[in-house]
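Thanks for asking me to look this one over with you. Here are my notes, written so that you can follow along in the viewer.

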Amino acid sequence: MVSHTKEEIISMQDKPVALITGANKGIGLQIAKDLAKQGFTVLVGSRSLENGETASKSIGSDAHALQLDVTDQDSIVAAAERIRNEFGRLDVVVNNAGISHAGRAGDSFPSSGAASGLLTVASLEDIRAVYETNVFGVIAVTQAMLPLLHEAPAARIVNMGSTGGSLSWNSIPENWHRAMFGAYSASKSAVHAVTLAFAFALESTNIKVNAACPGFTSTALNNFAGTRSVEQGAREAVRLAMIGADGPTGTFSDEDGAIAW
């Protein structure tokens, strides 16, 4: 554990603290960079502490690596304890960690493409792997961080959703995306429902919970096939992390506005 001087500790406790899961690369790393520029102390959640430390160094002195595997309860509990003991506060959680498939050694991105996640052919093992990270990971991290968030003056939770999980959009017969609506898309539909569940349960508190769609962003999640930059993909999550007291809760949006659930 990194030791800090008394002055550093006081300085950190004066600044809002944001935790971003899966922040060692891609959209998560960009969200961490953007929030650091906005005056946050950012905690770079990463399954590999080494990767998290490399990412933190690329951000600067306001970034700190945090070992966090959203599928490992012990890791989540340890992360929450470290945040309380070392930083003393938590103002924002961005649940960004996500996977599009259950990767295999030698086949990190399934060669069968969209069909790999179709529920007619995907194994329960693979579907569970996607849900463990994308859905249960969001719930587990949020639950563990709630005691800290309740103490914050204006806490924000941002979950990374996806238009691909929009039931309204995918219910349109002419929608091309229907051909690939499988485990990943269904997991994002579940994330949207989880977002609403937390928003409703916390409606009487100072914690606002919203979902952000990054759009089709070029990351490892889609084998870098996306057409948007990580800078673009991070924008809506950053905005929702910083909304004021008059901001919304229980919404799903991108840079252009509300998205149909």
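**Notes on the model**

1. Let's begin with a pair of facing residues: A18 stands opposite V92 in strand β4. Please keep in mind that this is a predicted model. The two strands involved, β1 and β4 (residues 92-95), run parallel to each other and are joined over three bridges.

2. Now look at the other partner of β1. Strand β2 (residues 41-46) is parallel to β1, and four bridges join the two. Here L19 is the residue to find, as it stands opposite L43 in β2.

3. How is the path from β1 to β2 arranged? Together with helix α2 (residues 26-37), the two strands make a β-α-β unit, and this unit is right-handed. Try tracing it on screen from β1 over α2 to β2.

4. Are the faces of β1 (residues 17-20) covered or open? Both are covered. V17 and L19 lie on one side, A18 and I20 on the other, and all four are buried.

5. Helix α4 offers a nice piece of arithmetic. It has 15 residues (73-87), and at 1.5 Å a residue it should span 21 Å. The C-alpha atoms at its ends are 21 Å apart, so expectation and model agree.

6. Which residues of α4 are buried? They are S75, I76, A79, A80, R82, I83, E86 and F87. These residues cover an arc of only 160° around the axis, and therefore they sit on the same side of α4. The face turned away from that buried side carries D74 and N85, which are exposed.

7. Check both ends of α4 as well. At the N-terminal end, D72 acts as a cap: one of its side-chain oxygens lies 3.0 Å from the backbone nitrogen of D74. Just after the helix comes G88, with a positive phi of about 75°.

8. Finally, some aromatic rings. The structure holds two aromatic pairs. In one of them, W169 and W176, the ring centres are 6.2 Å apart and the planes meet at 85°; because planes over 60 degrees apart count as edge-to-face, this pair is edge-to-face.

9. How exposed are the two partners of that pair? W169 has a relative accessible area of 29%, so it is partly exposed. W176 reaches 58% relative accessibility and therefore counts as exposed, since the cut-off for that word is over 50%.

Conventions:
Residues numbered from 1 in each chain as written. Predicted model: local features only at pLDDT ≥ 70, side-chain atom pairs only at ≥ 80, totals over all residues. Heavy atoms only, no water. Expected span 1.5 Å × (residues − 1). Buried < 20%, exposed > 50% of the residue type's maximum accessible area, 1.4 Å probe, protein only. Arc of directions from axis to C-beta. Polar contact = N/O pair within 3.5 Å; in protein donor to acceptor, adjacent residues only side chain to side chain. Phe/Tyr/Trp six-rings, centres within 6.5 Å; stacked < 30°, edge-to-face > 60°. Pairing = 2+ DSSP bridges. Right-handed = clockwise from strand over helix to strand, strands pointing away.
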